[in-house]
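Morning, everyone. One structure today, and I'll keep it short. Have a look at it first.

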Amino acid sequence: MFQYSVIKWVYNLKILPRWVIIIIDLLFISLSTILGYLLRFNFDRDDILRNNFGTGVLISLACGFIAVLVTGSHKGIVRYTGLQDGVRIFFMVVLSSLFVGLFDVVYSEGFGDRNLIPFSVVLITFLASFLFL
């Protein structure tokens, strides 16, 4: 019964709430980061885990969330998405990547000798996020 009511509620939605759009955006950002780690380390599980996979995904999500709120990319109506929303998404992805890169540089200078997230993962995440979003 619960499943039927949820399906009926989703079907009757005319406009998605903003929090749903934020969750979808963050889901795509996390999938892009996972894809970045998989491609960078050739799907080698041990290499992925050795290079701070979990921490990298969480940092990417946090920076993505901040970038979504700063750029307001979640405010557009999905049904009427146009060029302006595409530009807003591009700036959101750029800002998110800059936040991750800045965090990575600050971390490597202050706490460790190496980067927390490899810059190649940040680049792959940038490209995949823009493509997915």
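Let's start on the surface. Helix α5, residues 83-110, is the top contributor to a nonpolar patch, with 4 residues. The patch itself consists of Leu83, Val87, Phe90, Phe91 and Phe130. Together they have about 500 Å² of accessible area. Take one of them, valine 87. It sits in helix α5. Its relative accessibility is 37%, so it counts as partly exposed.

A word on what you're seeing: this is a predicted model. Keep that in mind for every number I give.

Now the overall fold. How many helices and strands does the protein have? There are 6 helices and 0 strands. From the N terminus on, the order is simply α-α-α-α-α-α. The accessible surface of the protein is about 8700 Å². Carbon and sulfur atoms hold 69% of that surface. The chain has 133 residues, and 34% of them count as buried.

On to contacts. Consider those with a sequence separation of 6 or more. Of these, 72% come from residues 24 or more positions apart.

Next, the inside. Which residues make up the largest nonpolar core? There are 10 in all: Tyr37, Phe41, Ile48, Ile59, Cys63, Val100, Leu116, Ile117, Val121 and Val122. Two elements give two or more residues to this core: α4 (53-71) and α6 (119-132). A second core is separate from that one and has 9 residues. Ile22, Leu26, Ala67 and Val68 are among them.

Back to tyrosine 37, from the largest core. What does tyrosine 37 touch, leaving out residues up to four places away in sequence? On one stretch of the list are Ile48, Asn51, Asn52, Phe53 and Gly56. The list also has Leu116, Ile117, Pro118 and Val121. Of these partners, Ile48, Leu116, Ile117 and Val121 also belong to the largest core.

Last topic, charge. Side chains of opposite charge can pair when their charged atoms come close. The structure holds 1 salt bridge. Aspartate 47 pairs with arginine 50, and the closest N and O atoms are 2.6 Å apart. Both residues lie in helix α3, residues 45-50. They are 3 residues apart, about one turn of the helix.

Are the two partners buried or exposed? Aspartate 47 has a relative accessible area of 23%, so it is partly exposed. Arginine 50 is at 53%, so it is exposed.

That's the tour. Questions, please.

Definitions and conventions: Residues are numbered from 1 along each chain as its sequence is written. This is a predicted model: local features need pLDDT of at least 70, side-chain atom pairs count only at pLDDT 80 or more; totals for chains, interfaces and linings use all residues. Side-chain values use heavy atoms; hydrogens and water are left out. A salt bridge is a side-chain nitrogen of Lys or Arg within 4 Å of a carboxyl oxygen of Asp or Glu. Buried means under 20% relative accessible area, exposed over 50%, partly exposed in between (1.4 Å probe, protein chains only). Patches are made of residues with over 30% relative accessible area and no salt bridge: like charges are joined within 9 Å, nonpolar side chains (Val, Leu, Ile, Met, Phe, Trp, Tyr) within 5 Å. Accessible areas come from the Shrake-Rupley method with a 1.4 Å probe; for residues, only the protein chains shown count as cover. A nonpolar core is a set of buried Ala, Val, Leu, Ile, Met, Phe, Trp, Tyr and Cys residues joined through side-chain atoms within 4.5 Å. Contact means heavy atoms within 4.5 Å.
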